[in-house]
Structure formats: C-alpha cells, structure tokens
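Trainee: Could you take me closely through the sheet in this model, and then through the residues elsewhere in the chain that deserve a careful look?

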Amino acid sequence: MGILGLAKIIADAAPQAIKESEIKNYFGRKIAIDASMCLYQFLIAVRSEGAQLTSVDGETTSHLMGTFYRTIRLLENGIKPVYVFDGKPPDMKSSELVKRAERREDAQKELAKATEIGDTAMIEKFNRRLVKVTKQHGEEVKELLKLMGVPFVDAPCEAEAECAALVRAGKVYAVATEDMDALTFGSNILLRHMTFSEARKMPVQEFQLDRVLEGLSLTKDEFVDFCILLGCDYCPSIRGIGPKRAIELIHQHRSIENILKNIDTNKYPPPDGWNYAQARKLFHEPEVSNVDKIELKWSDPDEEGLVKYLCGDKQFNEDRVRSGAKKLLKSRSGTTQGRLDTFFKVLPSTNNTPKRKADDKKGATPKRGKTAGTGRGRGRPK
C-alpha cells in the first residue's frame with residue numbers, strides 16, 4: 001500500500017517537489033529498484049493482456065520475461081540498476097498481510113461468480129487482485145540477474161527501507177518504486193514509472209524529499225507522523241481524518257501525541273491499541289543491512305548461461321535471448337563514460353550574487369542567451 005494518497009497531496013501542495021524526465025536523462029545513474037513491486041507490475045501487465053507466459057510445466061515465466069527485457073532497456077539507457085528484494089516483514093505488518101489475504105480470498109469468490117456469468121471486465125479485475133509475488137518468483141529472478149551481470153541485494157526486512165539506506169549512503173542515486181513510503185524511510189529521491197514499459201509512454205516522475213518537506217512546511221519527524229496519519233502498512237489511521245484534515249492537524253499540533261490531546265476522540269476515535277509510536281520507530285530506525293559494506297558490481301552477461309536458463313523448459317526464443325545478451329554486453333561498453341556531475345562538486349546557490357552593472361542601469365535589458373531546451377512540468381500522481 002505504501003502511504004495512502006501521499007503522491008496526490010504532494011502534487012497539490014508541493015508541485016515543485018516533482019519533476020518529469022525521460023528515462024535517458026538518468027544516464028550514468030545507479031538506481032535501486034524495489035524488486036517485488038517490479039515483478040508485480042510484470043505479472044499484472046501480462047495477465048491483463050489475456051494469459052500468463054508459462055513454462056512447459058505450466059509455471060509462470062512473465063516475471064522472467066519482464067525482468068530480462070526491462071533491465072536491458074534500463075542498461076541501454078545508461079542506467080545501472082540494482083534490484084533489492086524483501087526480507088521478512090516486520091511483525092507490525094502482520095495485520096496488513098492478513099487483510100491482503102482476506103481480500104484475495106474475497107477476490108477468488110468474486111472471480112468465480114464473474115466467470116460463471118461470463119463478465120469479462122470483472123474477470124480481469126479480480127484476476128489482477130489475485131496476483132501475488134512469491135518467494136519462488138524472487139529466487140528465479142535472482143538467478144536471472146546473476147546471469148545478466150546485474151547486482152541484487154537481499155534486504156533483511158523491507159526492500160523500500162533498504163533502498164532508502166543505499167541512497168543515504170551514496171551507493172545509488174535514487175529508489176525506483178511506486179510505493180511512496182520510500183520517502184518516509186528517508187530516501188532523498190524517489191523515481192516512479194522508471195520500470196514501466198515504453199508502450200505506456202509515461203515519463204519518469206522524480207520526487208525530491210527536501211522539496212517535499214519544504215513544500216509541506218514539515219520537518220522530517222513531522223512528515224513521518226503525517227504519513228502515519230494518512231495510513232501506512234504498519235497501523236491503521238484515525239477514522240474520519242482524511243488527507244486535508246491530517247495536514248491541518250500536523251501543522252497545528254506538530255506531532256501525533258499533541259493531536260490526540262487536542263482532538264475530539266469521540267468524533268475522531270483512534271484505533272484500539274493504536275501503536276503509532278512503534279510505526280514511527282520503524283520508519284526512523286528500520287532494519288537494514290550495513291550498506292557501507294555492500295559492494296555493487298555490474299559484470300558481463302553469461303550468454304550461454306542465459307540460453308540454458310531461459311530456453312528449453314521456460315520456452316524463451318533462443319535468438320531473442322542471444323540478441324538480448326549482446327545488447328547487455330554492448331551496454332556495458334557504452335556506460336563507461338560517467339556523468340559530468342560526478343567529477344565536479346555542486347555548490348549551493350546563494351542569494352547575495354552581485355548584479356551585473358548592466359542590470360543597474362535604468363532601462364537596460366539583459367541579453368538573453370540561446371535556450372538549449374525546455375523542462376517538463378510537474379507530474380501526475382499515482
């Protein structure tokens with residue numbers, strides 16, 4: 001779920017925190033990718049087109065196809081992806097996982113009804129709700145990534161928290177995920193739509209945490225409390241308090257403790273045993289690896305290994321796999337040139353920059369240089 005409605009709130013209240021870019025603009029960047037979210041996208045996309053891709057044994061291979069070709073696209077654009085896989089979920093997430101299981105059970109019943117009456121639209125709707133990324137999916141993709149020469153990280157707990165830690169440590173530039181809680185975990189930059197297919201023609205949305213905090217007029221601690229008020233995976237939110245009321249309350253009282261002291265709890269009853277303090281701690285002090293010791297290495301692909309793994313039982317086309325392997329190898333030689341901003345230190349701008357003399361003269365019009373191009377405006381939230 002991430003943080004309920006956060007993307008829309010940022011788009012409305014802090015649009016300067018979002019910018020849209022083409023994928024090629026991230027040339028030379030190392031990007032941490034939320035693997036589970038990525039695999040879910042692949043499984044959903046193929047299923048919505050009518051059927052899953054399968055091996056000769058009937059096992060799904062959509063996640064392998066999506067990872068193979070989408071990773072090639074990222075590498076061809078000069079991006080260095082590192083996939084981060086979820087570990088064990090925190091205990092506080094257990095109630096959310098139970099709810100998800102119940103929703104899948106309900107979806108299974110509704111799917112049976114839709115199938116019985118032949119309602120195609122409803123069949124597709126409930127099929128999507130039944131998609132689940134399994135441990136086997138993850139293990140198969142890890143084997144594929146090894147053969148492709150692309151690094152991956154096994155998080156001890158939440159992948160988004162591990163991704164955010166990699167960003168803060170300077171190991172990667174940003175987190176690529178659709179879940180907004182990467183910002184709540186402290187990632188300086190979050191990228192959405194990075195792993196979408198080219199067919200969807202959606203630009204990458206870049207969210208910058210410092211501008212989010214500035215635009216919402218919140219400190220980092222207040223932002224975490226605000227996200228808990230909106231609704232997160234670790235505890236329910238206060239009934240009757242929506243996004244607009246939540247931002248008003250956090251601005252007025254600055255913390256959940258003060259909010260609870262000042263609201264009418266009969267009108268806005270907090271959940272029984274509401275453990276917001278533990279949820280807050282999970283965001284501030286998540287269980288992550290010692291990322292300083294993690295070494296991210298990209299290597300040449302194993303073409304024969306890829307053919308052996310993907311062709312045969314998994315029914316991938318050998319010519320296409322070999323073509324993909326050659327693209328991977330070519331991309332390796334094409335990304336040796338680094339970004340210019342990795343060679344120079346960027347200094348913060350100051351407000352005391354002296355004006356040019358020409359500007360001080362009455363009626364003088366400063367000369368305009370030629371524009372190299374135009375930027376894109378704010379993006380549409382999820």
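**The sheet and its surroundings**

Mentor: In this predicted model, an open sheet is built from 7 strands, which follow the order β1-β7-β6-β5-β2-β3-β4 with mixed pairing. Its edges are formed by β1, residues 18-21, and β4, residues 152-154, each of which pairs on one side only. From one strand of this sheet to its neighbour the turn is 25° on average, with direction ignored. A helix also packs on the sheet, namely α7, which spans residues 159-168 and touches β2, β3 (80-85), β4, β5 and β6 (189-192), while its direction makes about 170° with that of β2.

Within the sheet, the pairing of β2 with β5 can be followed in detail: residues 30-34 and residues 174-176 run parallel and are joined by 3 bridges. In this pairing, isoleucine 31 of the one strand stands opposite alanine 174 in β5.

From the sheet we can turn to proline 286, which is found in the loop between α13 (276-284) and α14. Proline 286 is buried, because its relative accessible area of 17% falls under the 20% limit. Leaving aside residues up to four places away in sequence, proline 286 touches Ala161, Phe185 and Lys281. The C-alpha atom of proline 286 is separated by 8.0 Å from that of cysteine 157, although the two residues are 129 residues apart along the chain.

Histidine 137 offers another buried site, with a relative accessible area of 12%, and its place is in helix α6, residues 135-148. The side chain of histidine 137 reaches the backbone nitrogen of threonine 134 at a distance of 3.0 Å. If residues up to four places away in sequence are not counted, histidine 137 touches Leu39, Leu43, Thr60, His63 and Lys132.

The cysteines call for some care. A search of the whole structure returns 0 disulfides, and the pair of cysteine 232 and cysteine 235 shows how that verdict is reached for one case. For cysteine 232 the closest cysteine sulfur is that of cysteine 235, at 4.3 Å, and this is too far for a bond, because a disulfide requires the two sulfur atoms to lie within 2.5 Å. Seen from cysteine 235, the closest cysteine sulfur is in turn that of cysteine 232. Cysteine 232 counts as buried at 4% relative accessibility, and cysteine 235 is buried as well, with a relative accessible area of 7%.

Lastly, there are two backbone angles to inspect. Most residues other than glycine have a negative phi, so a positive value merits a second look. Arginine 254, which is not a glycine, has a positive phi of about 70°, and its place is in the loop between α11 (243-253) and α12 (256-262). With a relative accessible area of 32%, arginine 254 is partly exposed. Glutamine 315, also a residue other than glycine, has a positive phi near 65°; glutamine 315 lies in the loop between α14 (303-310) and α15 (318-334), and at 47% relative accessibility glutamine 315 counts as partly exposed.

Key: Residues numbered from 1 in each chain as written. Predicted model: local features only at pLDDT ≥ 70, side-chain atom pairs only at ≥ 80, totals over all residues. Heavy atoms only, no water. Pairing = 2+ DSSP bridges. Helix = DSSP H or I, 4+ residues; strand = E, 2+ residues; numbered from the N terminus. Axes fitted to C-alpha atoms, helices over the stretch in contact; angles between N-to-C directions. Contact = heavy atoms within 4.5 Å. Buried < 20%, exposed > 50% of the residue type's maximum accessible area, 1.4 Å probe, protein only. Polar contact = N/O pair within 3.5 Å; in protein donor to acceptor, adjacent residues only side chain to side chain.
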